[in-house]
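Colleague: Hi! Could you walk me through this structure, one bit at a time?
Modeller: Happy to, just ask away.
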Amino acid sequence: MSVDQRVATYAAKRALACAFIVWGIATLVFLMIKAIPGDEAQSAAGITATPAQVEQVRHRLGLDHSLPVQYVDYLGRLAHGDLGTSIVSFRPVREELTERIPASVELVGSAMLLDVLVGVPLGMLAAARFRRTTDNVVRWVAILASAVPLFWLGLMLQSFVGLKLDLLPLSGSQTIGKESPRVTGMATVDALLAGNLSGFGDAVAHLVLPAVTLSIPFIGFVSRITRSSIVGTLQSDFASVVRAKGASESRIVVRHALPNSLGPIVTFAALQFGWMFSATVLVESIFGRPGVGSYLADSVTQKDTFAVLGLVLFIGTVVAVASAVADMIQLLVDPRIRAAQVGAPA
Amino acid sequence: MTRWQAGAQPARIAAVVLALVAAPALAACGSDSTSTASNGASLTISSSAPPRSIDPVLAADAVIDEVDVALYDNLIDYTADGKLEGRLAQSFQLAPDAKSIDITLRDASFHDGSKVTAEDVKYTLDRIKQLGVGVATQVAEYDSTTVKDDHTLTINLSKPTNVFVGALSHVYILNSKLVAKNAGADAGQAWLANNDAGSGPYELAKYVPTQTIAFKRYDGHWDPATKDAIAQITYRTIAESSTQRDELLAGTTQASENIDPADLSQFAGNKKFTLTQLPKASGTYVIFNTQKGITANPKVREAIRLSYDYQAHLDHLLGGYGNIATGPLPSIMPCRAESAPAMDLAKAKQLVDEAGVSGSSLKMVFQPIFGEQQDAATALQSNLKQIGINLKLQATTYTDYLKDLKSVDSTPDMALIFDNPPTADPGSMLFTRYDSQFVGSSTNFSQYKNPAFDALVEKAITSGDQEQACDLYKQAQDILIKDSVVMYMADHATVVVSTVKFTGLKQFPAHVGWVPQSLRLG
Amino acid sequence: MTTVPPVLDVRDLTVDVRAAHGPVRLLHGVSLQLRRGERVALVGESGSGKSVFARSLIRLDDAMTVGGSVQFDGADLVTASERRLREVRGQGIGLVFQDPLSSLDPVKRIGDQVMEPLVIRGVPKREARERARDVLDRLGVPNAARRMDAYPHEFSGGMRQRVCLAMAIVAEPAVLIADEPTTALDVRVQEQVMQLIEEISADGGPAVLLITHDLGLVAGFAHRVAVMYAGRLIEVAGVDDLYADPRHPYTRGLLDSVPRIDLHEGDLTAIPGTPASPFHPVGGCPFHPRCAAALEHCAHEEPLLTVLPSPMPFHDRQVACHRAGEIVHGRTA
Ligand SMILES: Nc1ncnc2c1ncn2[C@@H]1O[C@H](COP(=O)(O)OP(=O)(O)O)[C@@H](O)[C@H]1O
Ligand SMILES: [Mg+2]
């Protein structure tokens, strides 16, 4: 078997593990929701419903079956991509999610991009200037950034950049009237697909403040992880060897320390996906963006079982896939891990 | 050996970077198209929560109702001053036995041009019954519809009730052919969630779920009064009230609603904003367990009612927006009995002594997620201390509270809650909240049991004569007041903040939100 | 030999590190010259400061403050700019470290790592690759062209050290410093590596400073030997003089602890006492607490490294011991 084939086999195994994790998440959330006290049929029918109406709703939602039956039903539907029906809106959860997920993905994706593009270099800079002024400044800024309340930060940015300076729109995901036909549901991507440059500009302008707000605390985290991981690598012997070859500090950091430190950074970034999706609730609320954050909060308070399930499943899948991707990246970057996982090359 | 690095494509990367950098600039160039709102033709309103669906079967939800009231017509509605009025129903008549309603429809057409017929009414009501959700609980007595011809029909009820007539204000008539065409297996729920099948004064011009709802005036509407309604109304979802404020200041929206009273101070004092207060069919109440413990004694309940500073509640907890409650029903409801409570600690103390309960303890639950409840609970606690009653506060959630109501024993001594009548009919509140047949069923919060009261309300509900019913309701409320069954604290208000002048901003008893077609600019 | 100008001329090199309670001196004015073609061994127990010496020549550690002077190629490396230093590192002075595994970047291909000193200096990739292959070939890496695509973990210890040697000499430095290059290797491979270093330094190759705590390696290899103790050179001598007639009791101790075929294992004597630590300096001669020949005087006055007259021309030797005159074969007469 060639190395390529072995890597493919590993990827397949990893994907299978991923599927197992998702199944585990589905099961866990199902059990959790069933464990919450309160009658689902009653809350679905509303407090004023007559007992007969409650029973009717119970039957319609299949809540009158035993738990195992409900669970099997649920998994069966899941296999067909059916996430069930919201007990609040009576719409297919999948449909509701497709309305909200793209906007959140757009937000989280761009925040993650900022996070990595700013946080990692910042951490590299601090590491290269270990224990010097730049390092100290970056460290304090990073601590501040990761401690700043998202909510406050969002409001500040909004009223300063949006209102006072009037540089960027305050809220929404695009100006009404500038929308492009919905393809992906992500305003920026749809505008590009439609070749609508001014619409794209408009969507990006709307995205800047929320993405910056969401990314700032995470930039703090990522830069600290990057810094400590690179500092560790820079103290290893081979960093001295590279220095003794005449390499500049930046070459050592970029060409050697970074690839060696990528493991923890990538793993951490993958975890951040999950946190970011949960943090969208505040950002989306401040910047009037539709998304999964408020949907999750809403669904939890309304005991909208299938909506919560669908959403947690989605976020869980994102995290599971992200961590699988992180593993693959490590595999590609680190030959030792490659050797351990797929065997030494021929 | 495999190569792991993907070939870099510098030109492509540069293009993307350029696009990202240039994007805000591009946006700035073309962003002058938004400020055409204040020419009277259109209005953009920010609202805090988007509807999860706009299917009229769910119009029991205030947010959904606010959309449907514009897109659809109901058969009957309450006018702003609380009178029942035919809408699609040219005329309606409740049978003397209160078991059926005869209706004649007026000439009206749906947005696709087809006529509104009796079949559409039947389809709508049958669908509500079949689905059993949302407004179904309000029209639970619906049995069937007999269609006589395109314009005449009879709605048959399973048991006598006149509350049903008022409940029809939330029954929005669907274009049955259009819905049937898109019905699927779910009686059109998924389709109606995002689409309009109505005959209302507005059509759905554009709907981006969770973000924007744009209405366009429907010029084929039967009601001449809607001819000069605002041509275009857009709702934008903006959850944060400070963001709503900033958008108003920036001129991208012209009005905001649903702003939490606690956030209103952000607007007060700024001359750019006009704050309009609309009374709302909802209020703050303290519910007593009338079956158990010392609160079973009316004297104790009266003492508690007399101990509270209602004016301070209005001034400080509601920032002056709203009203001191003057009866068991919110002030905009018809058929009310009134008796405003006033603080009288001396009398309260005397009642406590008479009842011999000085020094006893009571437990009150409240929902800490609401600032008003939290503050009111603490205030009441310190007031009760002065009359010798020790009030223990306990946080709860609404769901848990409803569970506690399943039996008299688990019902807390007192509960501080927000409540609103299920429909605009006074009977909808008086019957489900206080009739003894609902003891232990989660809707009779006080677990109140009084045959005299039951007799009055049950007679009122089954009466075919609205006037007579109204009179009976007032008598029933007098009993509640005299018996101190409930401590009504404050009536809530909707505060609309705007940067433009409106007229026609009125509260309609059947609709918690506002009614867009009643608005006029200028 | 003394007439040849030194390629590397270290004078009074001091190195300090910051510690919790102020600076700690690791090197106390070390002077050592390396001439073209010369192979010098720097020996001493572990912790005596040999590595610090090697690293501070090209100022590898930011945390260390270097004083004195290091003349190399017309510049004083102690005061040279970072830029000038980077030129010298790798191209002027090559360094090989003790542990070949940790000396290699685990995620980079061998070839890229060997090429790096050239690539840094702008040598075109193709040429750099060729030169790297040549060097690896020369150092006996079988299948060098193919093995350049492999990663460090795929190499054996000996092969890795060859790679490290290749990295150090690929840019053809004038000085090669090998810091315990064989310590981490098994005995059989040790000899091969020493052999290679010797070959490298032959005809026109770099001057070599071999750092080791193992005097056994030194005999057949070095021309001169410098003995370090407590951050000081305490004896510098031609290799034959040193073995034949060590003057410092510490040197004698080191020689005694070298396993020799003609002695039984039981006779092997390690130097008694604990090695000096820069963090707990003692007054006087740093070796006096462990010295059998110490006089009271030794505890108060530090002996300077002084030239001893040698019976043989050009073979003057230096020793830092108050009793150097009386000592023959490292023992008082
Ligand atoms: N970076 C450093 N900071 C503090 N002390 C150090 C540092 N490097 C080496 N030392 C100390 O300097 C002394 C000499 O170390 P070293 O040169 O590594 O000895 P060796 O002769 O075994 O190579 C030791 O006591 C060691 O603890
Ligand atoms: Mg060492």
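Colleague: Which residues does Arg336(B) touch, not counting residues up to four places away in sequence?
Modeller: This is a predicted model, so keep that in mind as we go. In it, Arg336(B) touches Thr326(B), Gly327(B), Leu329(B), Pro330(B), Ser331(B), Lys474(B) and Gln477(B), leaving aside residues up to four places away in sequence.

Colleague: And where does Arg336(B) lie?
Modeller: You'll find Arg336(B) in the loop between strand 13 and helix 10 of chain B.

Colleague: Is Arg336(B) buried or exposed?
Modeller: Arg336(B) counts as buried, because its relative accessibility is 12% and the cut-off for buried is under 20%.

Colleague: What does the side chain of Arg336(B) make a polar contact with?
Modeller: One partner is the side chain of Thr326(B), at 2.7 Å. The side chain of Arg336(B) also reaches the backbone oxygen of Leu329(B), at 2.9 Å.

Colleague: Changing topic: how many disulfides are there over all chains?
Modeller: The count is one. Cys335(B) and Cys470(B) form that disulfide, with their sulfur atoms 2.0 Å apart. The pair links distant parts of the chain, 135 residues apart. Cys335(B) is in the loop between strand 13 (323-324) and helix 10 (345-355) of chain B, while Cys470(B) is in helix 15 (residues 466-482) of chain B.

Colleague: Remind me, what is a disulfide again?
Modeller: A disulfide is a covalent bond joining the sulfur atoms of two cysteines.

Colleague: Is the disulfide of Cys335(B) and Cys470(B) left-handed or right-handed, and why?
Modeller: The torsion about the S-S bond of Cys335(B) and Cys470(B) is about -110°, so this disulfide is left-handed.

Colleague: Are those two cysteines buried or exposed?
Modeller: Cys335(B) is buried, with a relative accessible area of 15%, and Cys470(B) is buried too, at 18%.

Colleague: What about Cys298(C), why has it no bond to Cys285(C)?
Modeller: Cys285(C) holds the closest cysteine sulfur, but that sulfur is 6.0 Å from the one in Cys298(C), so it is too far for a bond. A disulfide here needs the sulfur atoms within 2.5 Å. Cys298(C) is buried, with a relative accessible area of 7%.

Colleague: And which cysteine has the closest sulfur to Cys321(C)?
Modeller: That is Cys291(C), whose sulfur is 6.1 Å from the sulfur of Cys321(C), again too far for a bond. Cys321(C) counts as buried, at 15% relative accessibility.

Colleague: Now the contact of chain A and chain C: how many residues does each give?
Modeller: Chain A gives 24 residues and chain C gives 27 residues. Between them they bury about 2200 Å², with 57% of it on carbon and sulfur atoms.

Colleague: How many salt bridges are there between chain A and chain C?
Modeller: There are three salt bridges. In one salt bridge, the side chains of Glu116(C) and Arg251(A) meet at 2.7 Å, N to O. There are also 15 residue pairs in polar contact between chain A and chain C, counting pairs with both residues at pLDDT 80 or more.

Colleague: Which elements give two or more residues to the side of chain A that touches chain C?
Modeller: They are helix 10 (237-244), helix 11 (249-286) and helix 14 (335-342) of chain A. Helix 10 of chain A gives the most, with seven residues.

Colleague: How many salt bridges are there over all chains?
Modeller: The count comes to 47. One of them pairs Glu99(A) with Arg91(A), their closest N and O atoms being 2.5 Å apart, and both of these residues are buried. Another joins Glu82(C) and Arg89(C) at 3.5 Å, N to O. There, Glu82(C) is partly exposed, with a relative accessible area of 40%, whereas Arg89(C) counts as buried at 1%.

Colleague: Last topic, confidence: what is the mean pLDDT of chain B?
Modeller: The mean pLDDT of chain B is 87, and 92% of its residues reach 70 or more. For chain C the mean is 89, again with 92% of residues at 70 or more.

Colleague: Which element of chain B has the lowest mean pLDDT?
Modeller: That is helix 1 (residues 10-29) of chain B, at 42, while strand 7 (residues 152-157) of chain B has the highest, at 97. Over residues 1-40 of chain B, pLDDT stays under 50.

Colleague: What ipTM does the predictor give the complex?
Modeller: The predictor gives an ipTM of 0.90, along with a pTM of 0.79.

Conventions:
Residues are numbered from 1 along each chain as its sequence is written. Chains are lettered from A and ligands numbered from 1 in the order in which they are written. Side-chain values use heavy atoms; hydrogens and water are left out. Helices (H or I, at least four residues) and strands (E, at least two) are DSSP runs, numbered from the N terminus. Buried means under 20% relative accessible area, exposed over 50%, partly exposed in between (1.4 Å probe, protein chains only). pLDDT is the predictor's confidence in each residue, from 0 to 100. Contact means heavy atoms within 4.5 Å. Buried area is the accessible area (1.4 Å probe) that two parts lose on being put together, summed over both. A salt bridge is a side-chain nitrogen of Lys or Arg within 4 Å of a carboxyl oxygen of Asp or Glu. A polar contact is a pair of N or O atoms within 3.5 Å; within protein, one must be able to donate a hydrogen and the other to accept it, and residues adjacent in sequence count only if both atoms are side-chain atoms.
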